[in-house]
Amino acid sequence: MEKRVAVLPGDGIGPEVTAAAVKVLETIGRRFNHTFHIEYGAIGGNAIDQFNNPLPDETIKLCEKSDAVLLGAVGGPKWDQNPSELRPEKGLLAIRKHFDLFANLRPVAAVPSLLHASPLKEEVAKDVNMMIVRELTGGIYFGQPSRRTESAAVDSLVYTRDEIERIVEKAFELARLRRGKVTSVDKANVLESSKLWREVVEEKKKAYPDIEVEHALVDSCAMKLITNPAAFDVVVTENMFGDILSDEASVITGSLGVLPSASINGDNFGLYEPVHGSAPEIAGQDIANPAATILSVAMMLKYSFDLKTEAAAIEAAVNTVFEDGFFTADLASPGQRVLSTKEWAAKVVDELDTQFVSNSIMFSYV
Ligand code: IPM
Ligand code: MN
């Protein structure tokens with residue numbers, strides 16, 4: 001297979017974690033006889049510095065001629081005081097909108113060898129395996145009007161029936177490949193947009209009689225994510241609720257540094273990025289955990305290129321490296337040897353070069 005991958009390292013630890021993930025992608029190419037053409041583009045703060053634009057036209061063109069995009073992270077204190085059009089986050093929102101990446105998939109699966117780092121009791125966290133499906137191109141992030149004056153500000157939460165239908169369908173389809181349960185999260189006791197959301201879920205579920213559907217109010221869902229997270233399979237929700245709940249869920253597994261994400265459109269074109277941010281406080285020190293970005297490459301192989309065996313090979317390699325007790329600083333126990341970003345990625349590469357390739361893996365992160 002021959003594919004073009006646009007890599008947008010971004011800011012902070014973005015360049016370090018994407019460099020690690022590119023090494024893994026190249027290893028997959030070598031081992032499985034695929035050619036990945038990799039080209040780099042600017043986004044976020046570094047794009048503001050170079051082009052005075054968080055998403056330059058050059059970057060859009062590069063992504064348009066690519067088959068998938070790998071992104072590091074955007075943002076940092078350097079640009080915090082910028083006007084809203086010149087903030088790094090604008091670049092991320094603009095690329096999501098430009099490519100209509102409406103479905104944001106954020107898998108959260110407990111990894112036995114990382115449970116020691118979970119803030120929850122081991123028996124609560126150990127069976128967690130959920131997929132958060134976050135609507136990514138609508139809702140309050142994009143609704144108009146959105147503006148402020150000296151004494152007031154307004155943001156608008158708008159959803160159309162079509163926008164809700166396509167994300168809900170995505171959630172049902174994913175549930176069919178998993179444990180067959182969908183939890184739809186809203187605030188239907190207060191918000192009009194949530195009442196429409198719930199109505200659409202009720203209509204759509206008629207076409208999926210094999211799927212168990214439950215509705216949860218976002219506040220109560222936030223609580224259940226802590227008290228009984230293993231009860232969730234697919235969680236589908238609107239943009240901002242998904243933003244908040246996915247950060248909450250992410251720590252269950254021990255570290256935000258392990259969670260990948262996919263943002264895909266109707267043609268399975270996707271942007272793949274770690275859930276964590278640019279972590280400017282540790283940038284440039286070669287200490288960030290590259291696992292989330294490496295697993296984002298696994299998601300790219302699975303969801304955009306339909307290379308399931310190759311994706312499973314990455315997951316198995318990551319799992320083995322954890323099981324062998326190799327950790328970056330975020331996950332190491334006191335007194336344990338700490339690996340750098342580069343060293344940890346090299347372990348995954350070694351593992352991929354030597355592993356016995358099998359289609360059956362113990363469990364899936366992605
Ligand atoms: C995320 C991030 C972004 C979001 C920010 C950086 C705009 O928090 O991907 O979850 O809010 O969507
Ligand atoms: Mn977020």
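A residue is near a molecule if one of its heavy atoms lies within 4 Å of it. The model is predicted: local features need pLDDT of at least 70, side-chain atom pairs count only at pLDDT 80 or more, and totals for chains, interfaces and linings use all residues. Residues are numbered from 1 along each chain as its sequence is written, chains are lettered from A and ligands numbered from 1 in the order in which they are written, and side-chain values use heavy atoms, with hydrogens and water left out.

**Exercise 1. The shell of ligand 1**

Task: State which residues are around ligand 1 and how they divide into classes.

Solution.
Step 1. The shell consists of E89, L92, R96, R106, R134, Y141 and D243.
Step 2. Of these residues, 2 are nonpolar, none is polar and 5 are charged. Here Ala, Val, Leu, Ile, Met, Phe, Trp, Tyr, Cys and Pro count as nonpolar, Asp, Glu, Lys and Arg as charged, and the others, Gly among them, as polar.
Step 3. Helix α4 (residues 88–98) supplies the largest share, 3 residues. Helices (H or I, at least four residues) and strands (E, at least two) are DSSP runs, numbered from the N terminus.
Step 4. Both domain 1 (1–109 + 254–366) and domain 2 (119–253) give at least three residues to the shell; the bounds come from an automatic or database domain assignment.

**Exercise 2. Polar contacts and burial of ligand 1**

Task: Give the distances from polar side-chain atoms of R96, Y141 and D243 to oxygen atoms of ligand 1, and the share of the ligand's area that the protein buries.

Solution.
Step 1. A polar contact is a pair of N or O atoms within 3.5 Å.
Step 2. For R96 the distance is 2.7 Å, for Y141 it is 2.5 Å, and for D243 it is 2.9 Å.
Step 3. Ligand 1 taken alone exposes 320 Å², of which the protein buries 76%. Accessible areas come from the Shrake-Rupley method with a 1.4 Å probe.

**Exercise 3. Empty space**

Task: Describe the largest cavity and the largest pocket by volume and lining.

Solution.
Step 1. Rolling a probe the size of a water molecule over the atoms shows where empty space is left. On a 1 Å grid over the protein atoms alone, a cavity is a set of points where a 1.4 Å probe fits but cannot get out, and a pocket is an open set with protein on both sides within 12 Å along at least five of seven lines; lining residues have an atom within 4 Å of a point. Grid points are joined across faces, edges and corners, and a volume is the space filled by probe spheres set on the points.
Step 2. The largest cavity has a volume of about 40 Å³. Its lining, which includes P107, V108 and A109, divides into 9 nonpolar residues, 1 polar and no charged.
Step 3. The largest pocket has a volume of about 530 Å³. Among its 19 lining residues, L174, L177, K302, Y303 and V366 lie nearest its centre. The lining divides into 9 nonpolar, 3 polar and 7 charged residues.

**Exercise 4. Backbone exceptions**

Task: Characterise the peptide bond from Q144 to P145 and the phi of D100.

Solution.
Step 1. Most residues other than glycine have a negative phi, and most peptide bonds are trans.
Step 2. The bond from Q144 to P145 is cis, with omega near 0 degrees; P145 belongs to strand β6 (residues 143–148).
Step 3. D100 is not a glycine, yet it has a positive phi of about 55 degrees. D100 is placed in the loop between α4 and β4.

Technical notes:
A polar contact is a pair of N or O atoms within 3.5 Å; within protein, one must be able to donate a hydrogen and the other to accept it, and residues adjacent in sequence count only if both atoms are side-chain atoms.
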